[in-house]
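Biologist: Please take one part of this protein, its largest pocket, and go through it closely for a first-year student. What surrounds that space, and how far can the model be trusted?

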Amino acid sequence: MELSSEPAAAALEMPQSQKDDGPLVSDGDYESLPPHVSVATHMTAGAVAGILEHTVMYPVDSVKTRMQCLQPDPNAQYRSVYGALKRIIQTEGIFRPLRGLNITMMGAGPAHALYFACYERVKRSLSDVIQSGGNSHLANGLAGSVATVLHDAVMNPAEVVKQRMQMYNSPYRGLLDCVQTISRTEGMGAFYRSYSTQLTMNIPFQAVHFITYELMQEQLNPHRHYHPGSHILSGAAAGAISAAITTPLDVCKTLLNTQENVALHSMKISGHLTGMANTFRTVYRLGGMAAFFKGVQARIIYQMPSTAIAWSVYEFFKYFLTKQ
């Protein structure tokens with residue numbers, strides 16, 4: 001789910017209801033996994049969905065990071081996502097858009113596994129209190145927000161390394177070199193420099209995401225049956241709307257993660273940029289209001305299919321495991 005990035009990013013289970021005794025099941029026979037299903041099952045489904053969400057559209061995420069640069073190198077100024085991908089492959093090699101994918105997969109698996117375990121537990125508890133076990137938009141949004149705190153704690157260091165490696169003319173030879181250089185020159189705190197900004201972005205992102213998905217499902221799939229098309233459409237719409245709304249915070253997060261040298265030097269900022277308020281001021285001084293929406297096209301293009309994939313994969317896992 002960007003949950004980076006990208007996103008997300010992120011894919012989540014929606015409302016739940018009890019099974020009827022008959023062969024036909026009311027309101028979503030597979031929406032809630034059976035009580036005997038272990039936490040490990042939720043974590044496995046979430047991990048698979050999370051890894052696919054972050055990897056399938058990863059080249060577009062690389063483009064988004066570069067397009068969000070506030071003062072890019074003349075050789076790294078792009079007008080479109082397609083044009084950017086084409087030039088990167090032509091000038092830097094076919095595998096360059098995949099740089100940083102390894103750390104993303106290493107972070108996305110455990111981050112989404114913990115996310116799902118936390119989300120399921122909190123959502124069930126809140127639904128019992130708010131709606132007597134029924135579906136509650138408020139419970140969905142609050143559960144997602146709580147789970148996001150845990151998810152981002154795991155994913156934030158991976159995001160920092162990923163975006164440093166995605167940048168044009170990245171000085172790092174590889175994953176280990178990047179981690180060692182950052183920890184040696186900037187300290188371990190550098191891996192969490194953007195954590196508050198990431199949370200500020202992802203909590204509203206996830207809240208809008210869940211509510212949009214749920215509203216779409218009420219229209220497209222009111223009986224809560226397993227219906228891949230509705231999950232894909234609902235997920236894509238939820239991802240696009242959430243991504244567009246939170247792009248300004250994503251731009252700030254990218255600047256905190258990358259510590260873009262040219263931009264910071266032009267503002268006569270010595271040392272490292274810290275704090276969300278300072279970052280907002282820096283972005284505005286460098287490019288005005290338009291700067292807060294740099295890379296919005298790439299962010300939406302990345303998030304729509306990523307979220308659709310994550311939702312459809314997770315819903316399939318629920319359906320399959322329930323039938324088993």
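Modeller: In this predicted model, the largest pocket holds about 540 Å³ of space, where a pocket is, on a 1 Å grid over the protein atoms alone, an open set of points where a 1.4 Å probe fits, with protein on both sides within 12 Å along at least five of seven lines, and the volume is the space filled by probe spheres set on the points, which are joined across faces, edges and corners. The pocket is lined by 24 residues (each with an atom within 4 Å of a point), and those closest to its centre are M167, T258, Q259, E260 and N261. Helix α10 (residues 261-266; a helix is a DSSP run of H or I with at least four residues, numbered from the N terminus) gives the largest share of this lining, four residues. By type, the lining divides into 10 nonpolar residues (Ala, Val, Leu, Ile, Met, Phe, Trp, Tyr, Cys and Pro), five charged (Asp, Glu, Lys and Arg) and nine polar (the others, Gly among them).

As for trust, the mean pLDDT (the predictor's confidence in each residue, from 0 to 100) of the protein chain is 85, and 87% of its residues reach 70 or more. Over residues 2-31, however, pLDDT stays under 50. Where pLDDT is low, the predicted coordinates should not be read in detail.

Residues are numbered from 1 along each chain as its sequence is written, and side-chain values use heavy atoms, with hydrogens and water left out. Local features need pLDDT of at least 70 and side-chain atom pairs count only at 80 or more, while totals for chains, interfaces and linings use all residues.

Terms used
Contact = heavy atoms within 4.5 Å. Helix = DSSP H or I, 4+ residues; strand = E, 2+ residues; numbered from the N terminus.
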